[in-house]
Amino acid sequence: PASFCWASSGAPRGRRTDVASTTGVGARKMSAAWCATATAAPLLLLLAFDAPSSVSAQLRVLSPPTLVDQLPSLGRIEGSTATFGAPFYGDRVMGRLVYSTPFELKAPHCKDDYELPDPKTLPGASDDRSSSLINLVLVKRGGCSFTTKVSMAAKKGAHAVIIADKDDSDITAETIHNIVVADDGYGANIKIPSVLVDKVVGNKLIQACGRMQSVIVELAWDLPANRVVQLDMWMSAASIQSNQFLKSFAPFRRKLNRVVNFKPHYDVFSLDEADPRTYNGLCFDQQGKFCTEDPDATGPITGKDVLEEDVRQLCLHEAQKEQLTSPEDLAKGLPGVLFSRKYWYYVERFAEKCPLDAPNAQDRFGYECSRKLMTEAGADLRLVDDCVRVNTTRILEDQVAHRAWSPRAMRINGWRYSGIMDAELVVRAVCSAFTTKPWECSELIKPRDPTQPYVPAPAAGISFGELLLWIMIVLAAMAGAFQVYKTVLKRELQKTLREEVMLEVQQQMGEYQKLTGR
C-alpha cells in the first residue's frame, strides 16, 4: 500500500525519502522528517496543514461525446500533478489516450509486460489534427512506485502519463487536489509530466479505451493570474539543490524584478525536548524548538549553524529590499514590487564562496564567510546584525509555523508548484500566472515541443561540449610543448654530437702531430 503522510505543525515523525538526493551524507542524520514511507510503494502526501491549493492539471476530454457526457463539468477532470517531470506550463496540449491491459494485474504497468497500440492504427488516426496529438499513456496505480510506472511509459513512447487510482483507494475527485504525488528518489531522470486521477474517472477512461474509442484529451496547467506574481520558495541554506536552483534562477529573477515579488522561507521544524535527536546536532539548543537538517553528518557544520545562516539570509533579504514601483503607481492602487539585489548577489554565489568542506573557517559555511560575502555584496552589515539580534526567535518561530509540504517547495500566487525544480520550468510557470504577460516573459520563454522530453538547463559546472573543448586545448598545448621539446632536444643532440666529433678530431690531430715531430 502507498504511504499517506499527514504533515502537521507539530513534531515531525518517521523518515523522509527525498533528503539523500539533496543533502548527501547528511541525510543519514536527518531522521527528523515528517513523513512515514513504504519501501517500494508510491509516495503520497495528504496535506493537513496550512496547505495552498495545488497546481492541479486540468484535463478536458474532447471526444468521444459519449464519454464527455459521463464526466462532470462537460468532460473536465481535476488531477494531482506529480512533483517529478515537467508539466506544460503556459501551453494547452492535446493528446490521444492510449491504454494496454498489463500481463501482471497485481502490479500493473510496472514492468515491460504490456504493449501500447500504435496510435496510427486507432480510430480517427487519419484526421488532420492527428499528427499534432501527443501520446498520452494511461496506466493503473498499484504494485510499484509512480516513478517506475512513468519511466516505463516514457520508454514506450509516452509524452505524458495519466495514472488511474486503484480501486480500493479512498481518494475522491473532491480530495485529490490535497494529494501530492511525490518523488520517491528515482524521478530525477523523468522529463515528461504525469497526473493522478481518481478511480471513478480512471475506470471510465480505461473502459473507453477498451472499446477502441478514440479518446482525445486536452491538458493544461493553469495558475491563478495576477498583475504581479507572488513567488514563495522553501529551502535550506545548506541544501545543494536549493543553492543550485538559486544560482540558475538569479538571472531570471533580475529580469523579472519589476513584475515578481519573491519571498524566501527556510525549512525549520520542532522536536520533542526528550527526543535524543535534539542532542545530535540538528537543533538550535537542547529544547528542540528549532531544528533543521545537518548537511555534513560528522563534519563541522551542525543544524544550529544552518539555522543561523537561514536567519542571516532572511535578514539580508528583508533589510535590503528596494521598492521598485513608483509612488505614482502606488497611489493609483497598483501592487508594489520589492526586490533585494544584494540578497540575490549573495545567494547566487554563496555555495561557491562558502562551501561546506572548505579547509578554513574564513572560506567555509558559517559566520566569517557570510560576513565576507555580504561585504562583497555591498550589504549594510549593521542593519543585518540588528535584524539577527532582535528577530532571530521571531523569524524561526515564523518558519516553524509556516512549513511547506516539502523541505524544497515552491508556491506561485498561492498555489502549489508541481514539477522538477528547474529554473527555466519555474519561469514558464511564473509567466503563465500573469493577467497580462509582460514583455520580459516574451524574451525569456521559448516555444516548447510537447513531443520532446523537457531538457533542464545544465547544472553549475561545465557542459560536455566545454569539457571536450578543454580536452582539445590541453591536447593541443601538450602537442605544442612536445614539438618544442623535440626541436630543442634535436638541437642539443646536434650540438653534443658536434662537440664530440670536434674533440675526436682534435685528439686525432694531436696524435698525428706527435708522430710527425719524431
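This section describes the overall make-up of a predicted model, its salt bridges, and the surroundings of selected residues.

The protein chain contains 13 helices and 17 strands. Of its 518 residues, 47% are buried. Among the contacts in the chain with a separation of 6 or more, 74% are between residues 24 or more positions apart. The chain exposes about 25,500 Å², and 56% of this area is supplied by carbon and sulfur atoms.

The count of salt bridges is 22. One of them is formed by the side chains of Arg60 and Glu218, with an N to O distance of 3.5 Å. Arg60 belongs to strand 4 (residues 57-63) and Glu218 to strand 11 (residues 216-220), so this salt bridge ties together parts of the chain that are 158 residues apart in sequence. The two partners fall into separate accessibility classes: Arg60 is partly exposed, at 27% relative accessibility, while Glu218 is buried, with a relative accessible area of 13%.

A second salt bridge pairs Glu348 with Arg254, and the closest N and O atoms are 3.0 Å apart. Here the connection is between helix 8 (residues 341-353), which holds Glu348, and helix 5 (residues 240-255), which holds Arg254; the pair is 94 residues apart and links distant parts of the chain. Glu348 is buried, its relative accessible area being 15%. For Arg254 the value is 34%, and the residue is classed as partly exposed.

A third salt bridge involves loop residues. The side chains of Arg403 and Asp267 meet at 3.2 Å, N to O. Arg403 lies in the loop between helix 10 (381-401) and strand 16 (409-412), whereas Asp267 lies in the loop between strand 13 (260-266) and helix 6 (303-319). These two residues are 136 residues apart, and the pair again links distant parts of the chain. Both Arg403 and Asp267 are buried. Elsewhere, salt bridges that share partners join Arg60, Arg92, Glu218 and Asp222 into one network. The pair of Arg60 and Glu218 described above, which meets in a salt bridge, is thus placed among the members of that network.

Two arginines were examined that are buried but have no salt bridge. Arg364 is located in the loop between helix 8 and helix 9 (367-377). Arg364 is buried, and the nearest side chain of opposite charge, that of Asp296, is 7.1 Å away. As a salt bridge requires a nitrogen to carboxyl oxygen distance within 4 Å, no salt bridge is assigned to Arg364. The side chain of Arg364 instead reaches backbone oxygens: that of Ala358 at 3.0 Å and that of Pro359 at 3.5 Å. Ala358 and Pro359 also appear among the residues that Arg364 touches, along with Pro300, Ile301, Cys354, Pro355, Leu356 and Cys369, when residues up to four places away in sequence are not counted.

Arg428 is situated in helix 11 (residues 423-431). This residue is likewise buried without a salt bridge, and its nearest side chain of opposite charge, Asp91, is 4.4 Å away. Asp91 is also one of the residues in contact with Arg428. Apart from neighbours within four places in sequence, the other contacts of Arg428 are Tyr89, Ile445, Lys446, Pro447 and Arg448.

Two nonpolar sites were also considered, one buried and one on the surface. Leu136 is part of strand 7 (residues 134-140). Leu136 is buried, with a relative accessible area of 0%. With residues up to four places away in sequence left out, Leu136 touches Gly95, Arg96, Leu97, Val98, Ala160, Val161, Ile162, Val217 and Leu219. The C-alpha atoms of Leu136 and Ala153 are separated by 9.5 Å, and the two residues are 17 residues apart along the chain.

On the surface, Ile471, Val474, Leu475 and Met478 form a nonpolar patch whose accessible area together is about 380 Å². Within this patch, Leu475 is placed in helix 13 (residues 464-517). Leu475 is exposed, with a relative accessible area of 51%.

Definitions and conventions. Residues numbered from 1 in each chain as written. Predicted model: local features only at pLDDT ≥ 70, side-chain atom pairs only at ≥ 80, totals over all residues. Heavy atoms only, no water. Helix = DSSP H or I, 4+ residues; strand = E, 2+ residues; numbered from the N terminus. Buried < 20%, exposed > 50% of the residue type's maximum accessible area, 1.4 Å probe, protein only. Contact = heavy atoms within 4.5 Å. Patch = residues over 30% accessible without salt bridge, like charges linked within 9 Å, V, L, I, M, F, W, Y side chains within 5 Å. Areas by Shrake-Rupley, 256 points an atom, 1.4 Å probe, with all protein chains shown as cover. Lys, Arg positive; Asp, Glu negative; His and termini not counted. Polar contact = N/O pair within 3.5 Å; in protein donor to acceptor, adjacent residues only side chain to side chain.
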